[in-house]
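This report is meant for a reader who is meeting this structure for the first time. Please keep the sequence and the three-dimensional view open while reading.

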Amino acid sequence: MQTFKDYIAEKISASLPGLFGGAVIPDGELRELIEYPPDASMGDLALPCFKLSRTLRRSPVQIALALAGAFDGDSKVKAAALNGYLNFTVDNAALAEGVLGEVLSKGERYGSPENGHGKTVVLDYSSPNVAKPFHIGHLGTTVIGHSLKKLHEFAGYKCVGINYLGDWGTQFGKMICAYKKWGNRDEIEAGGVDRLVELYVRINNAIEAEKAEGKTALADESRAEFHNLELGDKDNIALWKWFVEISLNEYSKTYRQLDIEFDSYAGESFYTDKMPAQVEKLRQMGLLKIDDGASIVDLGEYGMPPCLILKKDGSTLYPTRDIAAANYRYETYHFDKAIYVTSAAQSLHFAQWFKVVELMGYDWSKNLVHVPYGTVSINGAKLATRTGNVILLRDLFSQAIEKVDAITAEKNPGMSDEKRAEIAEAVGVGAVVFYYLSNNRIKDINFMLEDALSYEGNTGPYVQYTYARSCSVLEKSEGVSPVTKYRITTDDEHELLKVLAQFPERVSAAIEAYEPSYITRYILDLAAAFNRFYHNCQILTADDPETVAARIAETKAVNTVLGTAFGLICLKKTTQI
């Protein structure tokens, strides 16, 4: 509806001087005041005149009545004054020409703000720890991060997706020690990450048992193995690389299901030789202080605890690594924005090192963005895992796919196994993703698998079914003459066009707020509007060819916009369910 907001704002701005003694309000300011009424009976758009009273020195009622007259005889919108509001109803023909004409001409580019061309965004997301499987806690960073990448790409940005793997640290000393004592290469090759987890759990339990007896042999041996790894020991480096390879093979299965690809897998290890230069810069600038043997940057005057840069023994910490990584990424990609998608629990960490790089004088510090999200838990049936109380993402996807497969087999007994498996994965995985992204990202989520898999209500299967329904209509419409005039005759069609018209605004809002749920909720709005239209309006069997052609065009526009919106939230298009 942005086009009509612009039209209304420009017309009001032009009429103000004559109506109110030379008063001037830029159309841009007026556009920001135009809103959507809470009820369709009040019109399509509304201008609350209360906010104009001080400038125009009239009551809202007087302002609304005066401005309504400016739209007398207007062919695009009708205006009505009501209790200090100026309500607008867009003409059916103007709405259809404006919306359908734009959707069908732009196709998959409809809705893009096109404001990212020539700019680069680096996105740091997913980033699991090597030698550990994906669990439910990784879902947020992975799907929110990739959705933000898709949104920015849609706007024209060049996007660099970085999977900042947790592939370094003392835990690898434990892993190497455990493998040398109890590992079997063939078993690990066959069992993958699960076998690595078993080794890690075993050595941790053994270290704890020794600790209870006052012994430290295994702990000392593990530290020695990591030290050798840091020194470049050939055998330890080979084992470490193998652990990384096994882990990436496991993660790739989940990424394939989500249709996610990364441009870089440069993990923590990649930046180990890049940290000393940043530490030295801090030291030369006089920003480093010694506190109980550790090197810190004092952030007290900014209302934050000190940012730890070096431990007492001189070893680095996460802020050190993040600072080095950010500097490298800027020098490599020259980003206009660098987005970090992590748990809200890390908000302080990001605020601290963002402030440190600002104090270091890096101009790009203002372009760092932390996108936090809430926690996720699962109630209901427990999923079986091999690692205790952690819910593995592959188990969650597997259960969802299995349940959808059973439903699909019951609904379509003659469907081939291959086709049914394809649908089951698309809908099962999509159900989990859609359920997660339906919530505002900062809110904690109580995940209910049965609710997510429902084919009724605000779910992934419901919207994918709606998309498949639009595909079916279009398939049956082959051979129908194309539209020459958009004939819109019902309220359901009018409301459907209004929702289609709002897509560009929702996309811009989602990018600005880093909030994929804006797109998810839009999909639900569009699906609901299309289903009302589908049930209440004859499409292929309407009384006259013009109405048939117009309604096919509306269905094609819905199909196009739903497909585009699906792609922005990692949801696959399905032509049959």
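## The hairpin and its neighbouring strand

In this predicted model, strands E2 and E3 form a hairpin with two residues between them, and Asn83, which sits in the turn, has a positive phi of about 50°. Strand E2 covers residues 77-82 and runs antiparallel to E3, to which six bridges join it. One place to see this pairing is Val77, whose bridge partner in E3 is Val90.

Strand E3, which covers residues 85-90, also pairs with strand E1 (residues 45-48), again in the antiparallel sense, and here the pairing extends over four bridges. Leu45 can serve as a landmark for this second pairing, since its bridge partner in E3 is Phe88. As background for viewing these elements, side chains in a regular strand alternate between the two faces of the sheet.

## Arg109 in its loop

Arg109 is found in the loop that lies between helix H5 (92-106) and strand E4 (120-124). With a relative accessible area of 34%, Arg109 is partly exposed, because this value falls between the limits of 20% for buried and 50% for exposed.

Leaving aside residues up to four places away in sequence, Arg109 touches Glu114, Glu153, Phe154 and Gly156. With Phe154 there is also a polar contact, in which the side chain of Arg109 reaches the backbone oxygen of Phe154 at 2.6 Å. By way of orientation towards the hairpin, the C-alpha atoms of Arg109 and Lys78 are separated by 30 Å, although the two residues are 31 residues apart along the chain.

## The largest cavity

The structure holds two cavities of 30 Å³ or more, and the largest has a volume of about 50 Å³. Its lining is made up of Gln257, Leu258, Glu425, Ala426, Val429, Gly430, Val433, Cys570, Leu571 and Lys572, which divide by class into six nonpolar, two polar and two charged residues.

Helix H11 (234-258) and helix H16 (417-437) each supply at least two residues of this lining, and H16, with five residues, gives the most.

## The second largest cavity

The second largest cavity contains about 40 Å³ of space, and the residues that line it are Val130, Ala131, Lys132, Gln171, Phe172, Met175 and Tyr200. Helix H7, which spans residues 171-182, gives the most to this lining, with three residues. Sorted by class, the lining of the second largest cavity has five nonpolar residues, one polar residue and one charged residue.

Conventions. Residues are numbered from 1 along each chain as its sequence is written. This is a predicted model: local features need pLDDT of at least 70, side-chain atom pairs count only at pLDDT 80 or more; totals for chains, interfaces and linings use all residues. Side-chain values use heavy atoms; hydrogens and water are left out. On a 1 Å grid over the protein atoms alone, a cavity is a set of points where a 1.4 Å probe fits but cannot get out, and a pocket is an open set with protein on both sides within 12 Å along at least five of seven lines; lining residues have an atom within 4 Å of a point. Grid points are joined across faces, edges and corners, and a volume is the space filled by probe spheres set on the points. Ala, Val, Leu, Ile, Met, Phe, Trp, Tyr, Cys and Pro count as nonpolar, Asp, Glu, Lys and Arg as charged, and the others, Gly among them, as polar. Two strands pair if DSSP finds at least two bridges between them. Buried means under 20% relative accessible area, exposed over 50%, partly exposed in between (1.4 Å probe, protein chains only). Contact means heavy atoms within 4.5 Å. A polar contact is a pair of N or O atoms within 3.5 Å; within protein, one must be able to donate a hydrogen and the other to accept it, and residues adjacent in sequence count only if both atoms are side-chain atoms.
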